[in-house]
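User: Could you take a close look at one part of this protein for me and then place that part within the whole chain? A connected walk-through would suit me best.

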Amino acid sequence: MAIAKAERLMNLALCLLGTRRPLSKRELRDSIEAYVEAFGPGNGASGPDDSFNRMFERDKDDLRELGLVIETVESLDGEIGYMARRDSNRLPPITLDAEEAAALGLAAKVWQQARLAGAASGALQKLRAAGLPEDVDPYGSHGALEPRIPVHEAAFEPLMLACRDRRPVAFDYRKATAAHPEQRHVEPWALECWRGHWYLAGWDRDRGAERVFRLSRITGKVRSRGGRYTAPVPDVVTVRETVASWAGEVADRSARIRLRAGAGYPLRAKATSVRELGEGWDELEIPYGHGLDAWLVEFGPDVVVLEPAELRGDVVDRLRAVAKG
């Protein structure tokens, strides 16, 4: 079975590398003997298309995992084709000194507790083949602190792949102020981690504007959509600034809150002033930017907003939405 799969992947890779134009699934199915034997020709009725599609998608993902750059191209009549350009899959010799290799190994170690653990391990194997010094142990001790990036949301992996492939997606999203989720159609740009939470920045097709979505509020599966992007993708710096702004990183005013003593240490770290009120409460002045209301709600009854009234109203609205379920 392993030999048969390896041969099938090799034949698929050769087809994608050898073509001068994008090949459709039907053409690839007819060109690769393993597909024809298992499912019959693409224009026939002898093979179940769903089974072939699942195998093809797995094979394509496996080739990408091995490092093959596969392009997805849509023709004028809307048919999706695939190809692997030789210039995109030809790399110059890679030389790494000990410090560079250690830095890359440490970056891979960050993902070992996340959903990208398998990809990180595969990347390290490629680094070994590319010249990673044998005396560098990326998983060895680097001190008392162990770097990790938590990724618990099921939406992370499909959105990461959609960002990489420039593929529009659809998902159900529940805003903090809404009782029920609603469907969103998004052209994903980039994923950013802020305060331990992951955010997706992209173009919301329904609203015709850029938006940022917190992954923990995405419900159900992320579904791929055909077609090209309709809005230009900004550079990385702009996306990061957008994520930071929507997540509350950019603050242009101040807010005054009451915080229960011994609670809310992240809020205390951001406070510009702290004053004891007695009876188990402190008064804090903290930077106020977009998204602060959503952050304050996470602290529940330990936080009371004093001013401004706008922020207090937003927090109350979010708490009421949560209470309605």
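Analyst:
**Ser24 and its surroundings**

Leaving aside residues up to four places away in sequence, Ser24 is in contact with Glu79, Ile80 and Gly81. Keep in mind as we go that this is a predicted model. Ser24 belongs to strand β1, which covers residues 23-24. Is Ser24 buried or exposed? Its relative accessibility is 4%, and with the cut-off for buried set at under 20%, Ser24 counts as buried.

Two of those neighbours, Ile80 and Gly81, bring us to strand β3 (80-83), and the loop between β3 and α5 (98-110) holds Arg85. Arg85 forms a salt bridge with Glu71, and their closest N and O atoms are 3.0 Å apart. Because Glu71 sits in strand β2 (residues 71-74) and Arg85 in that loop, the bridge ties together parts that are 14 residues apart in sequence. Both ends are partly exposed: Glu71 has a relative accessible area of 23%, and Arg85 has a relative accessibility of 36%.

That pair has company elsewhere in the chain, as the count comes to 24 salt bridges. Another one of them joins Glu298 to Arg214, with 2.7 Å between the closest N and O atoms. Here the linked parts are distant: Glu298 is in the loop between α10 (292-297) and β12 (303-307), while Arg214 is in strand β7 (residues 209-214), 84 residues apart. The two ends have different surroundings, since Glu298 is partly exposed with a relative accessible area of 41%, whereas Arg214 counts as buried at 10% relative accessibility.

A further salt bridge runs between Asp282 and Arg268, whose closest N and O atoms are 3.0 Å apart. Asp282 lies in strand β11 (residues 281-289) and Arg268 in helix α9 (residues 265-270), 14 residues apart. Asp282 counts as buried, at 10% relative accessibility. Salt bridges can also share partners, and in this way Arg64, Arg164, Asp165 and Arg167 are joined into one network.

Strand β11, the home of Asp282, also takes part in a sheet. Four strands form this open sheet in the order β10-β11-β9-β12, with antiparallel pairing. β10 (273-278) and β12 stand at the edges with a single partner strand each, so one side of each has no neighbour in the sheet. On average, and ignoring direction, neighbouring strands of the sheet are turned by 35° against each other. Between β10 and β11, which run antiparallel, there are 5 bridges; in one of the pairings, Ser273 has Glu285 in β11 as its bridge partner. Helix α11 (residues 309-324) packs on the sheet and touches β9 (251-260), β11 and β12; the direction of α11 makes about 150° with that of β12.

To place all this within the whole: the protein has 11 helices and 12 strands. Of its 325 residues, 37% count as buried, and Ser24 is one of the buried residues. Among contacts between residues at least 6 apart in sequence, 56% join residues at least 24 apart. The accessible surface comes to about 18,600 Å², and carbon and sulfur atoms account for 53% of that area.

Notes
Residues are numbered from 1 along each chain as its sequence is written. This is a predicted model: local features need pLDDT of at least 70, side-chain atom pairs count only at pLDDT 80 or more; totals for chains, interfaces and linings use all residues. Side-chain values use heavy atoms; hydrogens and water are left out. Helices (H or I, at least four residues) and strands (E, at least two) are DSSP runs, numbered from the N terminus. Buried means under 20% relative accessible area, exposed over 50%, partly exposed in between (1.4 Å probe, protein chains only). Contact means heavy atoms within 4.5 Å. Accessible areas come from the Shrake-Rupley method with a 1.4 Å probe; for residues, only the protein chains shown count as cover. A salt bridge is a side-chain nitrogen of Lys or Arg within 4 Å of a carboxyl oxygen of Asp or Glu. Two strands pair if DSSP finds at least two bridges between them. Axes are lines fitted to C-alpha atoms, for helices over the stretch in contact, and angles run from 0 to 180 degrees between N-to-C directions.
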